[in-house]
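Got your viewer open? Let's take a walk through this structure, one selection at a time.

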Amino acid sequence: SRSLCTVVCKWTYTSDGGWDDSFWKMIGLEELVKDKYEKIGNHVLSPGESVGKGLMPEAAKDLGLPEGIAVAASLIDAHAGGLGVIGADVKGHNLPCENQPITSRVAMICGTSSCHMGVSETPIFVPGVWGPYFSAMVPGLWLNEGGQSATGKLIDHVVRGHVAFPELESKAAASAHSIYTYLNSHLDLIKKSLPVGFLTVDLHVWPDFHGNRSPLTDLTLKGMVVGLTLSRGLDELALIYLATIQAIALGTRHILETMQAAGHHINTLFLCGGLSKNPLFVQMHADITGKPVVLSKEVESVLVGAAILGACASGDFVSIQ
């Protein structure tokens, strides 16, 4: 059994038309078409549907779980994160998405790289953003997936590559904080009376060190820093760290504006993943996009999404919605 999510998002499958014979022939893999696609699978299930007769004896023994326990058709990791956060109950927080359809929300899964997941009732073609994919994340809705190739990885690269990194590491260790908590508090120290974002008025990062996935779709693009000085201290490291986070947030804004221009109506961001645990990253996304950011109490949204699938496969709930 194959998951509809994977075959639709990555393999040119559609739920109404199945596999596309002409595509496989065009790329020289026509042998996959034989025997009704037996080699790559022709039994496709929606995420959350129960697979086979449940867990096989051997796997049950290895995992220490009951034999025959329900096994759900899967979601891709970021899609599970999107599912685990996008349906959060926001009643009583005075958010613009309250009493609005789920299509007013975007789920951002922010880790080494980032994904921007938005759903719509009708297919919306967004230049430079993947999709639209039918029922690939939320059944019955079309998914668009924007992305940034390097986010957490970029921040790490910039910070660890700086000449003042050893000083940062020892000071953070002495204060029993992570390097990023220490950098955030250092920025608060040097900001004086202005909001922290204004510290980088003369320092700008172009964040496409690993090309641009959305919305420019140009893998040849490189990164750039404008406004460097000869200063080498901790202040300068903190500033380039801030400018990098701002650049990533501006990239998110570029993706959202492109989605809005194509027909999405998004008013609230729902963040999950490792970077959503960094208050500066979250604040810069709120400031730069001008939209409220929601963080769920349960931070492991990918696991929540997977648990939702399991709860459907077991029959405890009738649908993902």
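Start by selecting Leu-168 and showing what it touches. Leaving out residues up to four places away in sequence, you'll find Val-159, Ile-179, Tyr-182, Leu-183, Leu-234 and Leu-237 in contact with Leu-168. Keep in mind as you click around that this is a predicted model.

Now zoom out to see what Leu-168 belongs to. Along with Val-159 and Leu-187, Leu-168 is among the residues with the most contacts inside the largest nonpolar core, which has 48 residues. Colour the elements that give two or more residues to this core: β3 (105-110), α6, α7, α8, α9, β9 (268-272) and α10. Which of them gives the largest share? That's α9, with 15 residues.

There is also a second, separate core to pick out: it has 40 residues, including Leu-4, Val-8, Ala-107 and Phe-270.

Next, select helix α6, residues 152-160. Which of its residues are buried? Look for Gly-152, Leu-154, Ile-155, Val-158 and Val-159. Try looking down the helix: these buried residues cover an arc of only 165 degrees around the axis, which puts them on the same side of α6. To see what covers them, show α7 (165-174), α8 (179-190), α9 (234-262) and α10 (279-289), which are all part of that cover.

Time for some rings. Select Trp-11, Tyr-13, Trp-19, Phe-23, Trp-24 and Tyr-37 together, and you have one aromatic cluster. The count for the model comes to eight aromatic pairs. Take Trp-19 and Trp-24: their ring centres are 5.9 Å apart and their planes are at 70 degrees, so this pair is edge-to-face. Check the surroundings too, and you'll see that both Trp-19 and Trp-24 are buried.

Stay with the cluster and add Arg-2. What does its charged end sit over? The ring of Trp-11, at 5.0 Å from the centre. For another arginine over a ring, jump to Arg-213, which lies over the face of Trp-130, 3.6 Å from the ring centre.

For the last stop, select residues 107-313. UniProt, in an unreviewed entry, places the feature "domain: Carbohydrate kinase FGGY C-terminal" there. Put a distance line between the end C-alpha atoms of residues 107-313 and it should span 24 Å. Switch to cartoon view and colour by secondary structure: this span is 41% helix and 18% strand.

Technical notes. Residues numbered from 1 in each chain as written. Predicted model: local features only at pLDDT ≥ 70, side-chain atom pairs only at ≥ 80, totals over all residues. Heavy atoms only, no water. Buried < 20%, exposed > 50% of the residue type's maximum accessible area, 1.4 Å probe, protein only. Helix = DSSP H or I, 4+ residues; strand = E, 2+ residues; numbered from the N terminus. Arc of directions from axis to C-beta. Contact = heavy atoms within 4.5 Å. Core = buried A, V, L, I, M, F, W, Y, C linked by side-chain atoms within 4.5 Å. Phe/Tyr/Trp six-rings, centres within 6.5 Å; stacked < 30°, edge-to-face > 60°. Lys NZ or Arg CZ within 6 Å of the ring centre and 35° of its normal. UniProt positions renumbered as here; feature names shortened; annotations may be inferred.
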